[in-house]
Amino acid sequence: MKILKLQQMKGRSLLILLFFTGVMNGFAQLRSVSGKVLNEQSKPMTNANVFIKGTIDGAISDSLGNFIFTTSQKGEITLCARMLGYAEFTVQVSEKKSTTLVLKMRPDNITLDNVVVSAGNFRLKGNGQFGKMSAVDIVTTAGSTGDLYHSLRTLPGAQMVGESGKLFIRGGDSNESQTYIDEMHVLSPYTTTGDNIPVRGRYSPFMFEGINFSTGACSSEYAQGLSSVLALNTKDVSPITKIGVNASSVGASGGGTQAFDKGSVSLSLEYQNLDPYHKLIPDRINWIKPYQLISGSSQIRFNPNQSTVFKTFIGYNRTTFIQHLTSLDNQTTRNQGMTDDNLYLNSTFQKTTESGYKFFAGAAFSFKNQHVEDAVISKDSYRDKEWEVHLKTKVSKRFTDFLRLNVGLENFFRHDETSYAYSSTISPDSINHSIGALFATAVLNINSNLYGELSDRMEYTSINNMWNSNPRVALTYNLSGVHFSGIIGKYTQLPENKYLLLNKNLLAEECTQYVGGMYYEKKDKVYRIETYYKKYNDLAL
(Lines give C-alpha, C1' and ligand atoms only; values in the text may rest on other atoms or scores of the structure.)
Protein backbone atom coordinates (compact mmCIF):
# COMPACT_ATOMS: atom_id res chain seq x y z
CA MET A 1 0.00 0.00 0.00
CA LYS A 2 2.80 2.42 0.85
CA ILE A 3 4.53 1.64 -2.44
CA LEU A 4 1.25 2.34 -4.30
CA LYS A 5 0.69 5.65 -2.49
CA LEU A 6 4.28 6.63 -3.16
CA GLN A 7 3.81 5.95 -6.89
CA GLN A 8 0.59 8.03 -6.89
CA MET A 9 2.37 10.93 -5.19
CA LYS A 10 5.19 10.72 -7.71
CA GLY A 11 2.61 10.77 -10.54
CA ARG A 12 0.90 13.86 -9.11
CA SER A 13 4.22 15.58 -8.63
CA LEU A 14 5.12 14.80 -12.22
CA LEU A 15 1.80 16.26 -13.47
CA ILE A 16 2.25 19.41 -11.37
CA LEU A 17 5.79 19.74 -12.63
CA LEU A 18 4.69 19.35 -16.25
CA PHE A 19 1.88 21.94 -15.74
CA PHE A 20 4.23 24.57 -14.32
CA THR A 21 6.78 23.78 -17.01
CA GLY A 22 4.10 24.36 -19.69
CA VAL A 23 3.02 27.64 -18.07
CA MET A 24 6.58 28.88 -17.82
CA ASN A 25 7.25 27.90 -21.43
CA GLY A 26 4.03 29.74 -22.45
CA PHE A 27 5.17 32.91 -20.72
CA ALA A 28 8.58 32.50 -22.21
CA GLN A 29 7.05 32.40 -25.75
CA LEU A 30 4.93 35.58 -25.35
CA ARG A 31 6.25 38.70 -27.04
CA SER A 32 5.36 42.32 -26.46
CA VAL A 33 3.97 44.62 -29.15
CA SER A 34 3.97 48.33 -28.38
CA GLY A 35 4.02 51.69 -30.08
CA LYS A 36 2.12 54.91 -30.69
CA VAL A 37 -0.81 55.91 -32.95
CA LEU A 38 -0.60 59.37 -34.56
CA ASN A 39 -2.69 61.35 -37.04
CA GLU A 40 -1.59 63.28 -40.16
CA GLN A 41 -0.28 66.14 -37.99
CA SER A 42 1.68 63.68 -35.79
CA LYS A 43 -0.70 64.28 -32.88
CA PRO A 44 -1.66 61.35 -30.58
CA MET A 45 -4.89 59.52 -31.34
CA THR A 46 -6.96 58.26 -28.41
CA ASN A 47 -9.09 55.08 -28.43
CA ALA A 48 -7.70 53.67 -31.67
CA ASN A 49 -8.16 49.90 -31.95
CA VAL A 50 -4.80 48.19 -32.57
CA PHE A 51 -4.75 44.41 -33.13
CA ILE A 52 -3.07 41.56 -35.00
CA LYS A 53 -5.06 40.63 -38.08
CA GLY A 54 -6.75 37.26 -37.77
CA THR A 55 -6.48 37.15 -33.96
CA ILE A 56 -8.07 38.72 -30.89
CA ASP A 57 -4.73 39.99 -29.58
CA GLY A 58 -4.68 43.78 -29.35
CA ALA A 59 -5.21 46.91 -27.27
CA ILE A 60 -6.76 50.41 -27.29
CA SER A 61 -4.48 53.45 -27.51
CA ASP A 62 -4.45 55.72 -24.45
CA SER A 63 -4.73 59.50 -24.20
CA LEU A 64 -1.14 59.87 -25.46
CA GLY A 65 -1.67 57.47 -28.35
CA ASN A 66 0.39 54.71 -26.72
CA PHE A 67 -0.56 51.01 -26.86
CA ILE A 68 1.01 47.79 -25.58
CA PHE A 69 -0.07 44.14 -25.51
CA THR A 70 1.44 40.66 -25.55
CA THR A 71 0.90 37.85 -28.03
CA SER A 72 1.99 34.27 -28.59
CA GLN A 73 2.13 34.77 -32.39
CA LYS A 74 5.53 33.93 -33.86
CA GLY A 75 7.35 35.32 -36.85
CA GLU A 76 6.00 38.17 -38.95
CA ILE A 77 2.57 39.54 -38.02
CA THR A 78 0.10 41.94 -39.69
CA LEU A 79 -0.71 44.80 -37.33
CA CYS A 80 -3.91 46.77 -37.94
CA ALA A 81 -5.13 50.08 -36.54
CA ARG A 82 -8.76 51.15 -36.91
CA MET A 83 -10.75 54.20 -35.88
CA LEU A 84 -14.04 55.64 -37.09
CA GLY A 85 -13.45 58.34 -39.70
CA TYR A 86 -9.96 57.11 -40.56
CA ALA A 87 -8.64 54.70 -43.17
CA GLU A 88 -7.48 51.35 -41.81
CA PHE A 89 -3.71 51.27 -41.27
CA THR A 90 -1.86 47.96 -41.76
CA VAL A 91 1.82 47.17 -41.43
CA GLN A 92 3.93 43.99 -41.49
CA VAL A 93 5.94 43.61 -38.27
CA SER A 94 8.82 41.18 -37.84
CA GLU A 95 9.52 39.48 -34.53
CA LYS A 96 12.58 41.69 -33.99
CA LYS A 97 10.61 44.96 -34.47
CA SER A 98 7.57 44.53 -32.23
CA THR A 99 8.25 47.59 -30.07
CA THR A 100 8.51 51.36 -30.61
CA LEU A 101 6.17 51.19 -33.58
CA VAL A 102 4.64 54.38 -35.00
CA LEU A 103 1.27 53.97 -36.73
CA LYS A 104 0.29 57.08 -38.69
CA MET A 105 -3.41 57.17 -39.65
CA ARG A 106 -5.05 59.55 -42.10
CA PRO A 107 -8.70 60.50 -42.54
CA ASP A 108 -10.90 58.18 -44.56
CA ASN A 109 -12.13 60.38 -47.41
CA ILE A 110 -15.06 58.05 -48.02
CA THR A 111 -16.44 58.52 -44.53
CA LEU A 112 -15.79 62.25 -44.46
CA ASP A 113 -17.46 62.66 -47.84
CA ASN A 114 -20.68 61.03 -46.65
CA VAL A 115 -20.78 62.89 -43.34
CA VAL A 116 -19.49 66.37 -44.20
CA VAL A 117 -20.23 67.04 -47.86
CA SER A 118 -23.66 65.39 -47.98
CA ALA A 119 -25.41 67.57 -45.45
CA GLY A 120 -28.89 69.03 -45.13
CA ASN A 121 -31.43 68.91 -47.92
CA PHE A 122 -28.87 69.62 -50.64
CA ARG A 123 -25.47 68.20 -51.33
CA LEU A 124 -23.03 70.27 -53.32
CA LYS A 125 -20.76 67.57 -54.66
CA GLY A 126 -18.87 66.56 -57.73
CA ASN A 127 -21.84 64.67 -59.16
CA GLY A 128 -24.24 67.61 -59.22
CA GLN A 129 -26.62 69.26 -56.84
CA PHE A 130 -29.22 66.90 -55.47
CA GLY A 131 -32.18 67.62 -53.26
CA LYS A 132 -32.87 64.70 -50.94
CA MET A 133 -36.56 64.34 -50.10
CA SER A 134 -38.65 61.66 -48.42
CA ALA A 135 -42.18 60.61 -49.37
CA VAL A 136 -43.55 62.46 -46.33
CA ASP A 137 -41.72 65.63 -47.43
CA ILE A 138 -43.46 65.37 -50.79
CA VAL A 139 -47.03 64.82 -49.69
CA THR A 140 -46.78 67.54 -47.02
CA THR A 141 -45.27 70.21 -49.31
CA ALA A 142 -47.73 73.07 -49.69
CA GLY A 143 -49.36 73.06 -53.14
CA SER A 144 -47.93 69.69 -54.17
CA THR A 145 -51.29 67.85 -53.81
CA GLY A 146 -49.25 64.76 -52.96
CA ASP A 147 -47.54 64.72 -56.37
CA LEU A 148 -43.82 64.09 -56.77
CA TYR A 149 -43.17 66.57 -59.60
CA HIS A 150 -45.32 69.33 -58.12
CA SER A 151 -43.28 69.11 -54.92
CA LEU A 152 -39.93 69.36 -56.73
CA ARG A 153 -40.86 72.76 -58.15
CA THR A 154 -40.18 74.21 -54.67
CA LEU A 155 -36.45 73.49 -55.06
CA PRO A 156 -34.08 76.20 -56.36
CA GLY A 157 -33.70 76.09 -60.14
CA ALA A 158 -37.00 74.32 -60.81
CA GLN A 159 -40.06 76.00 -62.29
CA MET A 160 -43.43 75.04 -63.74
CA VAL A 161 -44.50 76.88 -66.87
CA GLY A 162 -48.18 77.74 -67.11
CA GLU A 163 -50.45 74.87 -66.12
CA SER A 164 -48.50 72.05 -67.75
CA GLY A 165 -47.42 70.53 -64.42
CA LYS A 166 -44.12 69.42 -65.94
CA LEU A 167 -40.71 70.42 -64.65
CA PHE A 168 -38.64 73.09 -66.40
CA ILE A 169 -35.11 73.29 -65.01
CA ARG A 170 -33.07 76.49 -65.35
CA GLY A 171 -34.68 77.55 -68.60
CA GLY A 172 -34.66 74.10 -70.20
CA ASP A 173 -37.69 72.43 -71.71
CA SER A 174 -39.53 69.71 -69.78
CA ASN A 175 -38.28 66.95 -72.11
CA GLU A 176 -34.72 67.82 -70.98
CA SER A 177 -35.49 66.37 -67.51
CA GLN A 178 -35.22 62.58 -67.37
CA THR A 179 -36.60 60.20 -64.73
CA TYR A 180 -34.87 57.00 -63.60
CA ILE A 181 -36.19 54.27 -61.28
CA ASP A 182 -33.44 52.11 -59.73
CA GLU A 183 -31.04 53.54 -62.35
CA MET A 184 -33.29 52.46 -65.25
CA HIS A 185 -34.86 55.00 -67.61
CA VAL A 186 -38.59 55.84 -67.56
CA LEU A 187 -39.89 56.79 -71.01
CA SER A 188 -43.11 58.54 -69.95
CA PRO A 189 -43.19 59.63 -66.27
CA TYR A 190 -46.21 61.99 -66.57
CA THR A 191 -49.89 61.19 -66.91
CA THR A 192 -51.69 62.34 -70.07
CA THR A 193 -54.10 65.29 -69.90
CA GLY A 194 -55.87 67.71 -72.18
CA ASP A 195 -55.38 71.40 -72.84
CA ASN A 196 -54.84 73.61 -69.75
CA ILE A 197 -54.95 70.57 -67.41
CA PRO A 198 -51.75 70.01 -65.39
CA VAL A 199 -50.15 66.58 -65.55
CA ARG A 200 -49.23 64.46 -62.54
CA GLY A 201 -46.53 61.92 -61.86
CA ARG A 202 -47.48 58.34 -62.63
CA TYR A 203 -46.00 56.75 -59.50
CA SER A 204 -46.70 56.99 -55.79
CA PRO A 205 -43.85 58.61 -53.82
CA PHE A 206 -44.35 56.02 -51.05
CA MET A 207 -42.90 53.32 -53.33
CA PHE A 208 -39.49 54.99 -53.11
CA GLU A 209 -36.89 55.16 -50.37
CA GLY A 210 -34.51 57.61 -52.02
CA ILE A 211 -35.56 60.59 -54.15
CA ASN A 212 -32.58 62.47 -55.60
CA PHE A 213 -33.09 65.45 -57.87
CA SER A 214 -30.28 66.98 -59.92
CA THR A 215 -30.70 70.58 -60.99
CA GLY A 216 -27.88 70.33 -63.50
CA ALA A 217 -24.41 69.00 -64.33
CA CYS A 218 -25.39 65.47 -63.28
CA SER A 219 -23.21 62.37 -63.54
CA SER A 220 -22.15 61.15 -66.99
CA GLU A 221 -23.77 57.84 -66.13
CA TYR A 222 -27.21 59.28 -66.93
CA ALA A 223 -28.23 59.68 -70.57
CA GLN A 224 -30.38 61.89 -72.77
CA GLY A 225 -30.99 64.67 -70.24
CA LEU A 226 -29.77 68.14 -71.17
CA SER A 227 -30.94 69.85 -67.97
CA SER A 228 -31.62 67.50 -65.08
CA VAL A 229 -32.16 64.00 -63.75
CA LEU A 230 -34.66 62.72 -61.20
CA ALA A 231 -33.28 59.47 -59.74
CA LEU A 232 -35.78 57.41 -57.76
CA ASN A 233 -34.68 54.41 -55.67
CA THR A 234 -37.19 51.84 -54.52
CA LYS A 235 -36.87 50.40 -51.04
CA ASP A 236 -34.20 47.75 -50.47
CA VAL A 237 -35.97 46.05 -47.59
CA SER A 238 -39.39 46.27 -45.92
CA PRO A 239 -39.33 44.03 -42.83
CA ILE A 240 -42.81 45.07 -41.63
CA THR A 241 -46.10 43.81 -43.05
CA LYS A 242 -48.57 46.69 -43.30
CA ILE A 243 -51.65 47.90 -45.16
CA GLY A 244 -53.34 51.28 -45.60
CA VAL A 245 -56.20 52.97 -47.44
CA ASN A 246 -57.04 56.56 -48.29
CA ALA A 247 -60.20 58.26 -49.50
CA SER A 248 -60.67 61.75 -50.92
CA SER A 249 -63.24 63.81 -52.81
CA VAL A 250 -61.80 62.69 -56.14
CA GLY A 251 -61.08 59.02 -55.51
CA ALA A 252 -59.48 56.41 -53.31
CA SER A 253 -56.16 54.67 -52.97
CA GLY A 254 -54.63 51.93 -50.93
CA GLY A 255 -51.73 49.59 -50.66
CA GLY A 256 -49.57 47.52 -48.42
CA THR A 257 -46.49 45.41 -47.98
CA GLN A 258 -46.17 41.70 -47.25
CA ALA A 259 -42.83 40.87 -45.69
CA PHE A 260 -41.33 37.40 -45.80
CA ASP A 261 -37.98 35.79 -45.13
CA LYS A 262 -35.29 37.62 -47.15
CA GLY A 263 -37.72 39.79 -49.09
CA SER A 264 -41.07 41.51 -49.46
CA VAL A 265 -43.81 42.42 -51.93
CA SER A 266 -45.46 45.86 -52.07
CA LEU A 267 -48.63 46.91 -53.90
CA SER A 268 -50.21 50.33 -54.46
CA LEU A 269 -53.59 50.97 -56.16
CA GLU A 270 -55.34 54.24 -57.00
CA TYR A 271 -58.56 55.37 -58.62
CA GLN A 272 -59.45 58.98 -59.47
CA ASN A 273 -62.68 60.38 -60.88
CA LEU A 274 -63.14 64.15 -61.08
CA ASP A 275 -66.88 63.96 -61.85
CA PRO A 276 -68.07 64.58 -58.23
CA TYR A 277 -65.58 67.41 -57.83
CA HIS A 278 -66.65 69.21 -61.04
CA LYS A 279 -70.31 68.86 -60.15
CA LEU A 280 -69.59 70.59 -56.86
CA ILE A 281 -67.13 73.16 -58.24
CA PRO A 282 -67.55 73.64 -62.02
CA ASP A 283 -64.58 74.95 -64.01
CA ARG A 284 -64.16 76.55 -67.42
CA ILE A 285 -63.82 73.17 -69.19
CA ASN A 286 -67.02 71.65 -70.53
CA TRP A 287 -66.63 67.99 -69.57
CA ILE A 288 -68.54 65.23 -71.35
CA LYS A 289 -66.68 62.57 -69.38
CA PRO A 290 -64.41 63.99 -66.67
CA TYR A 291 -60.89 62.84 -66.09
CA GLN A 292 -60.52 59.30 -64.75
CA LEU A 293 -57.36 57.46 -63.72
CA ILE A 294 -56.81 53.84 -62.77
CA SER A 295 -53.27 53.02 -61.71
CA GLY A 296 -51.31 50.40 -59.84
CA SER A 297 -47.71 49.66 -59.05
CA SER A 298 -45.90 46.82 -57.34
CA GLN A 299 -42.41 46.00 -56.22
CA ILE A 300 -40.79 42.66 -55.40
CA ARG A 301 -37.58 42.60 -53.36
CA PHE A 302 -35.41 39.57 -52.64
CA ASN A 303 -32.18 39.56 -50.62
CA PRO A 304 -30.70 36.03 -50.62
CA ASN A 305 -27.77 37.41 -48.60
CA GLN A 306 -26.39 40.74 -47.39
CA SER A 307 -24.36 41.33 -50.55
CA THR A 308 -27.05 40.51 -53.16
CA VAL A 309 -30.26 42.36 -54.04
CA PHE A 310 -32.89 41.50 -56.67
CA LYS A 311 -35.62 44.04 -57.44
CA THR A 312 -38.57 44.10 -59.81
CA PHE A 313 -40.82 47.13 -60.23
CA ILE A 314 -43.97 47.32 -62.36
CA GLY A 315 -46.40 50.19 -62.86
CA TYR A 316 -49.50 50.55 -65.03
CA ASN A 317 -52.07 53.32 -65.43
CA ARG A 318 -54.95 54.12 -67.75
CA THR A 319 -56.26 57.65 -68.29
CA THR A 320 -59.56 58.56 -70.00
CA PHE A 321 -61.63 61.72 -70.49
CA ILE A 322 -63.86 63.50 -73.04
CA GLN A 323 -64.17 67.28 -73.18
CA HIS A 324 -66.30 69.53 -75.38
CA LEU A 325 -64.22 72.10 -77.26
CA THR A 326 -65.29 75.17 -79.21
CA SER A 327 -63.13 76.92 -81.81
CA LEU A 328 -61.90 80.45 -81.21
CA ASP A 329 -64.42 81.87 -83.67
CA ASN A 330 -67.24 79.81 -82.06
CA GLN A 331 -68.04 78.30 -85.46
CA THR A 332 -67.11 74.66 -84.83
CA THR A 333 -67.25 72.29 -81.91
CA ARG A 334 -65.91 68.83 -81.22
CA ASN A 335 -65.83 66.26 -78.39
CA GLN A 336 -62.18 65.47 -77.88
CA GLY A 337 -61.70 62.08 -76.22
CA MET A 338 -58.41 60.80 -74.82
CA THR A 339 -57.40 57.27 -73.85
CA ASP A 340 -53.87 56.60 -72.66
CA ASP A 341 -52.35 53.29 -71.49
CA ASN A 342 -48.91 53.25 -69.94
CA LEU A 343 -46.82 50.30 -68.70
CA TYR A 344 -43.41 50.36 -67.06
CA LEU A 345 -41.41 47.35 -65.90
CA ASN A 346 -37.84 47.03 -64.68
CA SER A 347 -35.76 44.36 -63.01
CA THR A 348 -32.33 44.91 -61.44
CA PHE A 349 -29.58 42.87 -59.81
CA GLN A 350 -26.84 44.13 -57.49
CA LYS A 351 -23.94 42.15 -56.05
CA THR A 352 -20.95 43.12 -53.89
CA THR A 353 -18.07 40.67 -53.82
CA GLU A 354 -15.67 40.06 -50.95
CA SER A 355 -12.91 41.75 -52.96
CA GLY A 356 -14.94 44.99 -53.12
CA TYR A 357 -16.34 44.85 -56.65
CA LYS A 358 -19.91 46.10 -57.02
CA PHE A 359 -21.83 44.69 -59.98
CA PHE A 360 -25.11 46.04 -61.34
CA ALA A 361 -27.30 44.77 -64.17
CA GLY A 362 -30.76 45.91 -65.16
CA ALA A 363 -33.41 45.77 -67.86
CA ALA A 364 -36.43 48.06 -68.29
CA PHE A 365 -39.41 48.16 -70.65
CA SER A 366 -41.59 51.25 -71.19
CA PHE A 367 -44.77 51.26 -73.28
CA LYS A 368 -47.21 54.07 -74.08
CA ASN A 369 -50.33 53.81 -76.26
CA GLN A 370 -52.29 57.01 -76.77
CA HIS A 371 -55.52 57.38 -78.75
CA VAL A 372 -57.22 60.76 -79.34
CA GLU A 373 -60.59 61.17 -81.05
CA ASP A 374 -61.46 64.60 -82.51
CA ALA A 375 -57.82 65.52 -81.99
CA VAL A 376 -57.70 68.52 -84.34
CA ILE A 377 -61.08 68.63 -86.06
CA SER A 378 -64.31 66.74 -85.65
CA LYS A 379 -64.25 63.04 -86.64
CA ASP A 380 -60.49 62.75 -86.98
CA SER A 381 -58.28 60.35 -85.02
CA TYR A 382 -54.70 60.35 -83.77
CA ARG A 383 -52.72 57.38 -82.44
CA ASP A 384 -49.26 57.26 -80.94
CA LYS A 385 -47.67 53.97 -79.90
CA GLU A 386 -44.22 54.19 -78.34
CA TRP A 387 -41.96 51.73 -76.54
CA GLU A 388 -38.40 51.56 -75.23
CA VAL A 389 -36.11 48.79 -73.99
CA HIS A 390 -33.23 49.89 -71.73
CA LEU A 391 -30.36 47.51 -70.89
CA LYS A 392 -27.57 48.48 -68.52
CA THR A 393 -24.64 46.89 -66.73
CA LYS A 394 -21.82 48.44 -64.71
CA VAL A 395 -19.08 47.58 -62.24
CA SER A 396 -17.39 49.78 -59.65
CA LYS A 397 -14.60 49.32 -57.13
CA ARG A 398 -12.55 51.41 -54.77
CA PHE A 399 -8.99 50.36 -55.51
CA THR A 400 -7.36 52.70 -53.00
CA ASP A 401 -8.40 55.51 -50.68
CA PHE A 402 -7.44 57.81 -53.54
CA LEU A 403 -9.22 56.16 -56.49
CA ARG A 404 -12.61 54.60 -57.20
CA LEU A 405 -13.65 53.60 -60.72
CA ASN A 406 -17.14 53.16 -62.17
CA VAL A 407 -17.44 51.69 -65.70
CA GLY A 408 -20.58 50.66 -67.55
CA LEU A 409 -22.36 49.86 -70.81
CA GLU A 410 -25.95 50.54 -71.78
CA ASN A 411 -28.28 50.39 -74.77
CA PHE A 412 -31.63 51.98 -75.58
CA PHE A 413 -33.85 50.41 -78.25
CA ARG A 414 -36.72 52.71 -79.23
CA HIS A 415 -39.79 52.57 -81.45
CA ASP A 416 -42.40 55.22 -82.15
CA GLU A 417 -45.36 54.79 -84.48
CA THR A 418 -47.91 57.51 -85.16
CA SER A 419 -50.93 57.71 -87.43
CA TYR A 420 -53.46 60.40 -88.22
CA ALA A 421 -56.77 59.52 -89.85
CA TYR A 422 -59.52 61.70 -91.26
CA SER A 423 -62.35 60.19 -93.24
CA SER A 424 -60.65 57.47 -95.32
CA THR A 425 -57.20 59.12 -95.34
CA ILE A 426 -54.57 57.58 -93.03
CA SER A 427 -51.08 59.07 -92.59
CA PRO A 428 -48.86 56.59 -90.71
CA ASP A 429 -45.20 57.12 -89.84
CA SER A 430 -42.71 55.30 -87.61
CA ILE A 431 -39.09 55.27 -86.50
CA ASN A 432 -36.88 52.54 -85.04
CA HIS A 433 -33.50 53.42 -83.62
CA SER A 434 -31.03 52.66 -80.84
CA ILE A 435 -28.58 54.44 -78.56
CA GLY A 436 -25.42 52.68 -77.40
CA ALA A 437 -23.12 54.12 -74.73
CA LEU A 438 -19.97 53.45 -72.74
CA PHE A 439 -19.41 55.55 -69.60
CA ALA A 440 -16.57 55.71 -67.11
CA THR A 441 -16.05 57.76 -63.96
CA ALA A 442 -12.92 58.14 -61.85
CA VAL A 443 -13.61 59.39 -58.31
CA LEU A 444 -10.54 61.00 -56.78
CA ASN A 445 -10.23 61.52 -53.03
CA ILE A 446 -7.14 63.68 -53.28
CA ASN A 447 -7.09 64.45 -49.56
CA SER A 448 -9.57 65.01 -46.74
CA ASN A 449 -10.49 68.45 -48.14
CA LEU A 450 -10.30 67.96 -51.92
CA TYR A 451 -12.60 65.69 -53.89
CA GLY A 452 -12.84 65.32 -57.67
CA GLU A 453 -14.48 63.43 -60.51
CA LEU A 454 -13.33 62.86 -64.07
CA SER A 455 -15.80 61.17 -66.38
CA ASP A 456 -16.82 60.73 -69.98
CA ARG A 457 -19.69 59.19 -71.89
CA MET A 458 -19.23 57.93 -75.46
CA GLU A 459 -22.59 57.61 -77.18
CA TYR A 460 -23.65 56.31 -80.59
CA THR A 461 -27.08 57.13 -82.07
CA SER A 462 -28.12 54.90 -84.95
CA ILE A 463 -30.83 57.16 -86.37
CA ASN A 464 -28.28 59.71 -87.58
CA ASN A 465 -25.18 57.49 -87.43
CA MET A 466 -23.38 59.87 -85.06
CA TRP A 467 -20.88 59.56 -82.19
CA ASN A 468 -20.92 62.00 -79.27
CA SER A 469 -18.51 62.47 -76.37
CA ASN A 470 -19.77 63.95 -73.09
CA PRO A 471 -16.78 64.76 -70.83
CA ARG A 472 -17.26 66.10 -67.32
CA VAL A 473 -14.96 67.48 -64.60
CA ALA A 474 -16.03 68.23 -61.02
CA LEU A 475 -14.14 69.45 -57.96
CA THR A 476 -15.17 70.11 -54.37
CA TYR A 477 -12.90 71.80 -51.83
CA ASN A 478 -13.51 72.16 -48.10
CA LEU A 479 -12.07 75.28 -46.50
CA SER A 480 -12.76 75.41 -42.76
CA GLY A 481 -16.24 73.93 -43.18
CA VAL A 482 -17.13 75.96 -46.29
CA HIS A 483 -17.49 73.73 -49.36
CA PHE A 484 -16.67 75.19 -52.77
CA SER A 485 -17.73 73.27 -55.87
CA GLY A 486 -17.18 73.68 -59.59
CA ILE A 487 -18.49 71.52 -62.43
CA ILE A 488 -18.05 71.64 -66.21
CA GLY A 489 -19.89 69.10 -68.34
CA LYS A 490 -21.22 68.49 -71.82
CA TYR A 491 -24.57 66.75 -72.40
CA THR A 492 -26.32 65.53 -75.55
CA GLN A 493 -29.88 64.43 -76.25
CA LEU A 494 -31.77 63.37 -79.37
CA PRO A 495 -34.56 65.74 -80.51
CA GLU A 496 -38.12 64.80 -79.67
CA ASN A 497 -39.77 62.11 -81.76
CA LYS A 498 -42.09 64.63 -83.40
CA TYR A 499 -39.01 66.16 -85.02
CA LEU A 500 -37.25 62.86 -85.79
CA LEU A 501 -40.35 61.61 -87.59
CA LEU A 502 -39.99 64.55 -89.98
CA ASN A 503 -36.21 64.44 -90.31
CA LYS A 504 -34.26 61.36 -89.25
CA ASN A 505 -30.89 63.03 -89.89
CA LEU A 506 -31.16 65.68 -87.18
CA LEU A 507 -28.06 66.09 -85.02
CA ALA A 508 -28.17 65.47 -81.29
CA GLU A 509 -28.94 68.58 -79.25
CA GLU A 510 -26.04 69.80 -77.08
CA CYS A 511 -25.79 71.66 -73.79
CA THR A 512 -22.55 72.68 -72.07
CA GLN A 513 -23.05 73.49 -68.38
CA TYR A 514 -20.86 75.48 -66.01
CA VAL A 515 -21.88 75.30 -62.36
CA GLY A 516 -20.16 76.91 -59.38
CA GLY A 517 -21.30 77.20 -55.81
CA MET A 518 -20.60 77.48 -52.12
CA TYR A 519 -22.19 75.52 -49.28
CA TYR A 520 -21.99 76.07 -45.52
CA GLU A 521 -23.96 74.63 -42.62
CA LYS A 522 -23.96 75.93 -39.04
CA LYS A 523 -26.36 75.50 -36.15
CA ASP A 524 -29.00 73.67 -38.23
CA LYS A 525 -28.94 76.42 -40.87
CA VAL A 526 -27.76 75.97 -44.45
CA TYR A 527 -26.19 78.78 -46.47
CA ARG A 528 -25.95 78.06 -50.18
CA ILE A 529 -24.91 80.19 -53.16
CA GLU A 530 -24.89 78.85 -56.69
CA THR A 531 -24.36 80.22 -60.17
CA TYR A 532 -24.65 78.49 -63.54
CA TYR A 533 -24.25 79.09 -67.25
CA LYS A 534 -25.76 76.92 -70.00
CA LYS A 535 -24.86 77.05 -73.68
CA TYR A 536 -27.06 75.20 -76.21
CA ASN A 537 -26.19 74.02 -79.72
CA ASP A 538 -28.10 72.25 -82.54
CA LEU A 539 -31.54 72.63 -80.97
CA ALA A 540 -34.43 71.33 -83.08
CA LEU A 541 -36.92 74.11 -83.79
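Reader: Okay, where do I start? What does the accessible surface of the protein chain come to?
Author: About 28200 Å², and 58% of that belongs to carbon and sulfur atoms. Accessible areas come from the Shrake-Rupley method with a 1.4 Å probe, and for residues only the protein chains shown count as cover.

Reader: Anything I should know about the model before I go on?
Author: This is a predicted model, where local features need pLDDT of at least 70 and side-chain atom pairs count only at pLDDT 80 or more, while totals for chains, interfaces and linings use all residues. Residues are numbered from 1 along each chain as its sequence is written, and side-chain values use heavy atoms, with hydrogens and water left out.

Reader: Cool. How many helices and strands are in the chain?
Author: The protein chain has 6 helices and 32 strands. Both are DSSP runs numbered from the N terminus: helices are H or I with at least four residues, strands are E with at least two.

Reader: And what share of the residues is buried?
Author: 45% of the 541 residues. Buried means under 20% relative accessible area, exposed means over 50%, and partly exposed is in between (1.4 Å probe, protein chains only).

Reader: What about contacts between residues far apart in sequence, what share do they have?
Author: Among contacts with a separation of 6 or more, 57% are between residues 24 or more positions apart. A contact here means heavy atoms within 4.5 Å.

Reader: Let's look at a sheet. In what order do the strands of the open one run?
Author: The order is β4-β1-β7, 3 strands with mixed pairing. Two strands pair if DSSP finds at least two bridges between them. β4 (66-71) and β7 (101-104) are at the edges with a single partner strand each, so one side of each has no neighbour in the sheet. Neighbouring strands are turned by 30 degrees against each other on average, direction ignored. For that angle, axes are lines fitted to C-alpha atoms, for helices over the stretch in contact, and angles run from 0 to 180 degrees between N-to-C directions.

Reader: Which way does β1 pair with β4, parallel or antiparallel?
Author: Antiparallel, with 6 bridges between β4 and β1 (residues 31-38). You can spot G35 with F67 as its bridge partner in β4, and S32 opposite T70 in β4.

Reader: And β1 with β7, parallel or antiparallel?
Author: Those two run parallel, joined by 4 bridges. On that side, K36 stands opposite V102 in β7.

Reader: How many residues of β1 are buried?
Author: 6 of its 8 residues, which leaves β1 mostly covered.

Reader: Switching topic: which residues touch the most other members in the largest nonpolar core?
Author: L167, I181, F208, F213, L230 and Y344, out of 23 residues in that core. The elements giving two or more residues to it are α4 (148-152), β14 (184-186), β15 (208-214), β16 (228-234) and β23 (358-373). A nonpolar core is a set of buried Ala, Val, Leu, Ile, Met, Phe, Trp, Tyr and Cys residues joined through side-chain atoms within 4.5 Å. There's also a second, separate core of 20 residues that includes A217, C218, F412 and I487.

Reader: What is Y344 in contact with?
Author: Not counting neighbours within four places in sequence, its contacts include I181, M184, H185, F313, A364 and F365.

Reader: How many salt bridges are there?
Author: The count is 16, a salt bridge being a side-chain nitrogen of Lys or Arg within 4 Å of a carboxyl oxygen of Asp or Glu. One of them joins K311 and D182 (3.7 Å, N to O). K311 is in strand β21 (residues 308-326) and D182 in the loop between β13 (177-181) and β14, 129 residues apart.

Reader: Is that pair buried or exposed?
Author: Both ends are buried, K311 at 3% relative accessible area and D182 at 5%.

Reader: Which side chain does K392 meet in a salt bridge?
Author: That of E221, at 2.7 Å, N to O. K392 is in strand β24 (residues 380-398) and E221 in the loop between β15 and β16, so the pair ties together parts 171 residues apart in sequence. K394 meets E221 too, at 2.9 Å. Salt bridges with shared partners join E183, E221, K392 and K394 into one network.
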